[in-house]
Each structure stands twice: as structure tokens, then as C-alpha cells.
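Let's take a walk through this one, with an eye on the empty spaces and a couple of helices. Keep the viewer open as we go.

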Amino acid sequence: MKLIFLGTGGGRFSAINQRRMTGGFRIDNLGGRNYHIDPGPGALVRTYQFGLDPRNIDGIFVSHAHTDHYNDAEILIEAMTRGMTQKNGHIIGAKSVLSGFEKWGPCISKYHQSQSDIMEMESGDVRYFDNCLIRATPTRHGDPVGIGFQMEYKDFKISYTSDTAYFPELVEAHEGADVFIASVLRPGGKSIKGHLCSHVFIKLLKEIKPKLAIMTHLGLKMISNNPIGEAKRITRLTGVKTLAAFDGMALDINFNNPARARIMSLKDVDAPFHGSNNNLSRFERRNTNRLAIKNGETDEFSYMNKRSNH
């Protein structure tokens, strides 16, 4: 299994200024399936930037109805369903994301929900899909029906808090996590409403005792405060191997020993071509054409004419 972080910034101001990317993260090769979690602004672009293919996903998780978590969900759904032409994949999300709740959402249109299996979940719900068990975990955040997730595959558990304040029930909800991914907005004890800071994250780790902990969804204060140093401090205080995720970080997870995960930094595959040149290079044109042919994608107007003639 591989964890791939396509964006480790969090909060509205971090999303606005993009000091860290906000594309969420992927869980790849979990029982042969790939999932994109909380695809915020830039998720599609970052997927390509780090050498991945958005069509190669089997499910999209959206935890709550805030833009930095759902912004690119619909375009990724289009990729997953080959432009909404094939029934494929799962869309898993909170009530606010899929149906709407009071002033929150819905964030994904009925049209974009029409070609995938929909799993609307509330805190405490348990479902089975793709040989996995998924539990919706509770949160206390601006979206009152937002959720986190715990996925279990062959007794291996991955937990994700999403955005939430600390409250005692979080410990029970994420109990038994082998890998614990948490949105930790601020360093030290400088928490703000509806979010975790390092101080309460330490408290969670001491009680949950995962084999590996990963901080992501970092706010501007955390980004400016040496998150790697903060992760080392947390490791020392808790005895739990803790990492501060960075944009383009990929982890090869060994189910038997997650703490020994191999860390890689994904390269920007288009780096030589980024710049002021407005024309696509010959390499980019060729690569784009090959991908289109491989996936049966042709000019949209040609495709529409072909359909109208049948």
C-alpha cells in the first residue's frame, strides 16, 4: 500500500495563498484499489504533476462541505467515470457533501453522483465495499455533520480525522489504528475552534497508540514553525513515530511494520516545461496524445457527433 500526499496545506487561508498545496491525499493499492481523499483545490493538477493518473482511482472520499476538502471532487469523478460515460467507482461522503444539510452543501451535483455507487455516511455508520470495511468517525467542526474515516483491510486499519477539535470520543473512534492521519492545523497549544493543535494531537497519540502517525492539513502557523521539527518533538514525547507530511510525499507502507515506511519525494514530472512558454512542448503534445488514445478519448465535438449519428 502507498500513501501519496498531493497537498498538505489546510484551512481557508492556506488554501487561498497555496504556500502548501491542497490536493488531499491518495491511498493506492489497498487491496488493488486506489482512493483519493478530500480532493481540495488543485487536486487534479497535482495528480498529473506528480506523475499519477486521475482516471486510475476507484473511489473518492469527501469528509465535509468546506472548499479546501471538496473543490476538485467533481472533475475527479469525471476522470473516474471516463467523462461520465461509464459507471464506475464509489463516492463516499458526509450528508452535507452529497445531500446537503442546512446551509452546508450539497457539494457534488446529482449529475456527478449518477455514474458511481454512492455511500452517504454519518458518524458511527459502518459499510463494506471493495473488500474493505469503512467506519465514519465523528468530528466537531464548522460542518456539523462532517465525518472522518477509518478503513480496515485484512485487520490493517488506516484512520483519518479530517478537521475536528479534540473531544474524548475521538480516541474510541480511532482505536486500533495502525496508521493515524490527522489534520493538525497549528503547533504547540495554539488551537483554534474546530481544529487540532500539536498539544491535543500528542494527547490523542498517547491514548490511541498507532504504529505510525502523520500530520497533514497544516495551517500557516504550522508551516512557518518547522513542521518537521514539530513532528520530531511529538515522536520524542509520545514514543509514536510521527511524520509531518510534505507536498509530493509518498510512503510505501509495510502492513507488518508501518513505522518503517519508506519515504519518497515524488518529482514534478513536468518541471522542465513549467515557465513562461505558452506553447506546449513537443514532448507534452506527444504525451497528451498518447494518454488520450490509451483511454479512448478523442475530440469532444467528434465524440458528440458520433453519438448523435447513432
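Which residue just after α8 takes a positive phi? That's Lys209, with a phi of about 55°. Keep in mind that what you're looking at is a predicted model.

Now step back into the helix itself. Helix α8 covers residues 198-208, and its buried residues are Ser198, Val200, Phe201, Ile202, Leu204, Leu205 and Ile208. When you read a list like that, remember that an α-helix has 3.6 residues a turn, so residues three or four places apart point the same way. Try colouring the buried positions of α8, Val200 and Leu204 among them, and spin the view.

Another helix to look at is α2, residues 43-49, where you'll find Gln49. Is Gln49 buried or exposed? Its relative accessibility is 10%, and the cut-off for buried is under 20%, so Gln49 counts as buried. The side chain of Gln49 also has a polar partner: it makes a polar contact with the side chain of Arg46, at 2.6 Å.

On to the empty space. Rolling a probe the size of a water molecule over the atoms shows where empty space is left. Here, that turns up two cavities of 30 Å³ or more. The largest has a volume of about 100 Å³. It is lined by 13 residues, and those closest to its centre are Gly7, Gly24, Asp38, Tyr160 and His217. By class, that lining has eight polar residues, three nonpolar and two charged.

The second largest cavity comes in at about 60 Å³. Its lining is made of Phe25, Ile27, Ile37, Phe61, Phe149, Met151, Ile158, Ser159 and Tyr160. Strands β2 (25-30), β9 (147-153) and β10 (156-160) each give two or more residues to this lining, and β10 has the largest share, with three. What classes do these residues fall into? Eight are nonpolar, one is polar and none is charged.

Last stop: the second largest pocket, which holds about 560 Å³ of space. There are 24 residues in its lining, and Gly11, Arg12, Leu185, Ile192 and His195 are the closest to its centre. The elements giving two or more residues here are α1 (12-17), α3 (67-70), β11 (179-186) and α9 (220-223). Of these, α1 gives the most, with five residues. As for chemistry, this pocket lining divides into 10 polar, seven nonpolar and seven charged residues.

Technical notes
Residues numbered from 1 in each chain as written. Predicted model: local features only at pLDDT ≥ 70, side-chain atom pairs only at ≥ 80, totals over all residues. Heavy atoms only, no water. 1 Å grid on protein atoms, 1.4 Å probe; cavity = no way out; pocket = protein on both sides within 12 Å on 5 of 7 lines; lining within 4 Å. Points joined across faces, edges and corners; volume = space filled by probe spheres on them. Helix = DSSP H or I, 4+ residues; strand = E, 2+ residues; numbered from the N terminus. Nonpolar A, V, L, I, M, F, W, Y, C, P; charged D, E, K, R; others polar. Buried < 20%, exposed > 50% of the residue type's maximum accessible area, 1.4 Å probe, protein only. Polar contact = N/O pair within 3.5 Å; in protein donor to acceptor, adjacent residues only side chain to side chain.
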